[in-house]
Amino acid sequence: MRTDTGQVFHLEDYKPTDFLIPETHLDFRLHPERTIVKSTLKIERREGVALDTPLILDGDELKLESICIDGVALGDNTYVVTPDRLEIRGLPEAETFTLEITTEINPTANRQLTGLYRSSNVYCTQCEAEGFRRITYYLDRPDLLSVYTVRVEAETSAAPLLLSNGNPGEKGTLDDGRHFAIWHDPHPKPAYLFALVAGDLGVITDTFTTASGRPVNLGIYVEHGKESRALYAMDALKRSMAWDEEKFGREYDLDVFNIVAVSDFNMGAMENKGLNVFNDKYVLAEPDTATDVDYAGIEAVIAHEYFHNWTGNRITCRDWFQLCLKEGLTVYRDHEFSADMRSRAVKRIAEVKGLKAHQFPEDAGPLAHPVRPRQFREINNFYTSTVYEKGSEVVRMIRTILGAETFRKGMDLYFERHDGDAATIEDFIKVFEDASGEDLSQFALWYDQAGTPNLAITYDYDQATKTFEIEIEQSLKPTPGQPSKKPMHIPIQFGLLGTKGREIRPRATKGGLVKDDVIHLRKRKERFTFSGITERPVPSLLRGFSAPVTMTSELTRSDLAFLARNDRDEVTRWQALTQLLNSKLTSNSKRVRGGKPATIESSSIRLLGELAFNNALDEAFRALCLNVPSESDIARELGANIDPEAILGSRDALILAVAEAHGEKFEQLYNELEHHGAFNPDAAGAGRRSLRNVLLDYLSVADGNPKRASKQFKQANNMTERAAALNVLVQRFGTSTATNDALQAFEARYGNDALVMDKWFVVQAMQPGESALGKVNELMKHQLFSLDNPNRTRSLIGAFSSGNQTGFNRADGKGYQFFAETILTIDKKNAQLAARLLTAMRSWRSFEPERREHAREALASIASVAGLSTDVRDIVERTLA
């Protein structure tokens with residue numbers, strides 16, 4: 001674990017390596033505690049590099065066994081080696097030479113789960129971002145591309161499966177009970193995309209024929225006995241491959257494509273060329289063990305990692321500052337895939353909810369950074385929602401600005417021009433400028449300026465001249481390292497609604513640029529005038545959530561209700577409803593804190609009922625409307641002096657009022673939605689279950705009786721309905737007999753299934769109120785809990801700290817104290833995991849003074865500890881700054 005916290009890397013300091021490694025040969029002799037790695041590297045000195053320039057290679061906790069150049073062992077005086085660095089001087093004068101390095105590593109002791117590690121008797125690698133240096137000394141950076149040939153050797157009985165990147169080659173048995181396999185990847189790649197898996201796993205296989213007629217052998221490897229739970233993942237993979245050919249013209253380029261699911265993994269999945277390694281939660285699914293959310297997540301992540309084959313692998317990023325070039329772009333691609341597979345509007349709303357819940361707070365806090373950061377201390381800490389989700393939004397805005405046809409031309413040019421390159425954001429922007437003839441230099445500020453822009457909007461309708469004016473002023477608050485900001489190019493998709501929701505076709509006659517249904521805001525303040533408007537319209541702005549911004553406008557509550565009832569754009573319709581509810585919930589949160597009773601507006605209650613019973617609307621959309629803003633949503637709207645208990649009281653009061661007003665009809669609809677047929681994870685089935693489950697919560701609140709939830713828990717034929725019922729029991733009925741009975745029954749049924757038991761830990765960690773901390777402490781002693789497993793740790797500690805607003809943010813600060821102590825324990829085992837969990841504290845300054853001080857003390861207690869990992873120290877110091 002690296003604990004050197006002094007070095008800060010800057011984008012402007014980038015320079016190419018002095019040496020290239022066009023060919024990399026790796027020979028692994030696998031052993032649980034003593035794996036020997038022999039790397040044979042073809043080294044090539046760049047033109048113009050002085051002959052006395054040393055070759056400096058990266059390492060991390062390595063033990064050097066031997067080193068040779070062109071077959072001759074090096075003397076001690078020609079190199080300097082430490083576990084983290086190898087510097088070789090007196091290199092041959094020839095332009096190219098061969099370097100052989102042998103290292104020894106201990107995969108079993110590697111609990112950081114980066115580099116090569118062994119868990120559950122399976123050897124596995126995770127090399128992004130800088131894990132390859134934990135395998136052998138190397139130029140471990142993304143712009144160093146090499147063709148890899150890999151030989152893997154292991155005991156046949158312990159590891160009958162030997163996989164690596166690329167296409168399979170020779171394999172065979174050896175005399176000592178061992179065997180070997182050789183893999184060759186013809187496509188040059190950086191070290192972070194290297195992968196190796198060895199062990200005893202089950203497999204399902206299939207084939208895919210590409211558009212040009214090439215057959216590709218597909219394999220998904222899982223624990224024995226779980227093969228049937230990988231069938232949905234295989235189906236998602238084949239759909240992804242076909243979709244990428246149709247939508248982006250991208251055909252797969254190897255003879256095989258393999259996926260391996262492992263239980264101990266720091267990330268969701270990894271796109272290693274031809275050998276994707278997955279956290280098994282994004283592969284394994286069957287109706288009895290996986291929810292609709294799980295199925296949708298598997299579909300999205302399978303697609304995401306496959307799409308990386310072109311946006312990330314064939315074209316990689318020049319340096320880690322360009323991380324969004326592969327991640328943001330690929331997130332956009334997987335979002336579009338999921339939208340085509342499911343309800344586009346519902347999928348888009350889910351994306352917006354996620355962006356507001358995770359990325360907007362990141363933009364508003366001490367961890368704010370641009371989509372392309374200009375400096376970092378620890379790159380692992382920049383695998384953030386800003387890079388991924390906001391990065392996707394930036395790509396989406398390019399499509400909105402240029403139009404679908406020109407956007408596709410730009411993408412085609414990107415693939416043509418940069419295949420085999422390590423590219424930059426400038427390269428990406430340039431292809432769209434060349435394809436469209438547009439100047440996107442102002443738009444490129446989205447990559448360089450941190451923060452969420454706010455749009456202040458005013459309207460003016462003149463009946464005499466039949467003109468409607470929209471004035472928009474953009475602002476962007478200071479963020480760390482960026483005290484002042486320039487105006488952005490913000491595309492605002494819009495519509496104007498007349499009587500009964502009739503679409504008015506606006507004609508822009510004066511002011512800023514308007515093309516078709518998109519307002520292009522490019523100045524600090526601009527006015528847009530539309531003529532021929534015969535009645536006062538209700539403007540529908542930011543349709544499809546066309547830009548990641550916030551808005552403050554002069555729309556009245558009746559305007560918002562009108563949009564919620566009539567807008568044809570379901571995203572804007574949902575946003576209007578959310579804004580309407582948030583304004584009342586935030587107001588009531590302040591009143592509850594002040595000791596005054598909360599008031600619930602009858603018009604809002606009627607509106608929710610109308611949407612719930614509107615059969616013309618998608619059931620999943622109706623469920624989203626009934627899922628009123630969460631506690632964290634309300635807190636984000638309040639912005640400062642937050643009291644989680646007051647927020648919970650305000651939200652529960654609204655739910656109770658809606659439940660009491662519509663209880664009888666809710667019960668009728670709940671019963672109508674019951675389905676007795678076979679489970680189907682398609683969009684229609686998921687929507688029906690989603691609506692039924694949110695109704696279950698309302699009905700349970702209305703009658704205060706756990707009987708209905710208990711019945712659904714016992715009778716459910718799928719995990720979606722069973723888990724939803726369990727959640728209602730825990731959230732609404734705490735430690736009641738019905739709740740305890742359900743928790744015990746769930747554990748008895750699924751105690752041997754780690755992924756399902758993660759849900760059991762999550763639901764208990766989310767129990768509201770001060771009692772949650774005691775429950776979390778109790779669960780940490782459970783025989784099935786271990787801080788060594790990232791999934792289990794996230795399911796308890798992560799759910800508690802990020803999702804339980806009242807339980808974690810206790811007024812006495814004990815939740816923060818517990819969290820700080822736990823982070824320090826995890827940091828000694830898995831620094832990446834500890835740092836990512838710690839980001840739950842990013843909004844600590846927004847709480848009321850007592851909680852704020854307790855949070856500061858907890859963070860300071862972490863910062864005061866000597867020997868923190870680079871990952872954790874980076875996060876804690878930026879959070880406190």
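In what sense do strand S5 and S6 pair, and over how many bridges? In this predicted model, strand S5, made of residues 63-69, pairs with S6 in the antiparallel sense, and two bridges hold the pairing. You can find one facing pair by looking for Ile69, which stands opposite Val72 in S6.

Now step back and look at the sheet around them. S5 and S6 belong to an open sheet of eight strands, and reading across it gives the order S6-S5-S9-S3-S2-S12-S15-S14. The pairing in this sheet is mixed. At its edges you will find strand S6 (72-73) and strand S14 (167-173), each of which pairs on one side only. A reminder may help here: strands of a sheet pair through backbone hydrogen bonds, either parallel or antiparallel.

A second open sheet is worth a visit. This one has five strands in the order S17-S18-S19-S21-S20, again with mixed pairing. Strand S17 (202-209) and strand S20 (269-270) stand at the edges; each has a single partner strand, so one side of each is left without a neighbour in the sheet. Further inside, strand S19 (residues 256-262) and strand S21 (residues 275-279) run parallel and are joined by five bridges. To see the two strands facing each other, look for Ile259, which stands opposite Asn276 in S21.

Next, turn to a hairpin. Strand S10 covers residues 115-119, and five of its five residues are buried. S10 runs antiparallel to S11, with five bridges joining them. Leu116 has Thr125 in S11 as its bridge partner. Two residues lie between the strands of this hairpin, and here Ser120 takes a positive phi near 50 degrees.

That positive phi brings us to some backbone oddities. Most residues other than glycine have a negative phi, and most peptide bonds are trans. Where else does a residue other than glycine have a positive phi, near 55 degrees? Lys466 is one such residue, and you will find Lys466 in the loop between strand S25 (454-462) and strand S26 (467-475). Phe545 is another non-glycine residue with a positive phi, this time of about 50 degrees. Phe545 also sits in a loop, between strand S33 (538-541) and strand S34 (550-553).

Are these two residues buried or exposed? Lys466 has a relative accessible area of 34%, so Lys466 counts as partly exposed. Phe545 has a relative accessibility of 0% and therefore counts as buried. The peptide bonds have a surprise too: Glu128 and Ala129 are joined by a cis peptide bond, with omega at about 5 degrees. Ala129 lies in the loop between strand S11 (122-126) and strand S12 (146-155), and S12 is one of the strands in the sheet of eight.

Let us stop briefly at Leu513, in strand S30 (residues 513-515). With a relative accessible area of 28%, Leu513 is partly exposed, because this value falls between the 20% limit for buried and the 50% limit for exposed. Leu513 and Glu526 are 13 residues apart in sequence, while their C-alpha atoms are 9.3 Å apart in space.

Our next stop is a helix. How far apart are the end C-alpha atoms of helix H14? They are only 36 Å apart, although H14 has 29 residues (644-672) and a straight helix would reach 42 Å at 1.5 Å a residue. If you follow H14 along its length, you will meet a kink of about 75 degrees, centred on His662.

The beginning of H14 has a feature of its own. Asp643 lies in the loop between helix H13 (631-638) and H14, and Asp643 caps the N-terminal end of H14. A side-chain oxygen of Asp643 lies 3.1 Å from the backbone nitrogen of Glu645. Asp643 has a relative accessible area of 15%, so Asp643 is buried.

Finally, look for empty space inside the protein. There are five cavities of 30 Å³ or more, and the second largest cavity holds about 50 Å³ of space. Its lining is made of Leu581, Lys584, Leu585, Asn588, Ile600, Ser604 and Leu654. Helix H10 (residues 570-593) gives the most to this lining, with four residues.

Technical notes
Residues numbered from 1 in each chain as written. Predicted model: local features only at pLDDT ≥ 70, side-chain atom pairs only at ≥ 80, totals over all residues. Heavy atoms only, no water. Expected span 1.5 Å × (residues − 1). Bend = angle between axes of the 7 residues up to and from the residue. Polar contact = N/O pair within 3.5 Å; in protein donor to acceptor, adjacent residues only side chain to side chain. Pairing = 2+ DSSP bridges. Buried < 20%, exposed > 50% of the residue type's maximum accessible area, 1.4 Å probe, protein only. 1 Å grid on protein atoms, 1.4 Å probe; cavity = no way out; pocket = protein on both sides within 12 Å on 5 of 7 lines; lining within 4 Å. Points joined across faces, edges and corners; volume = space filled by probe spheres on them.
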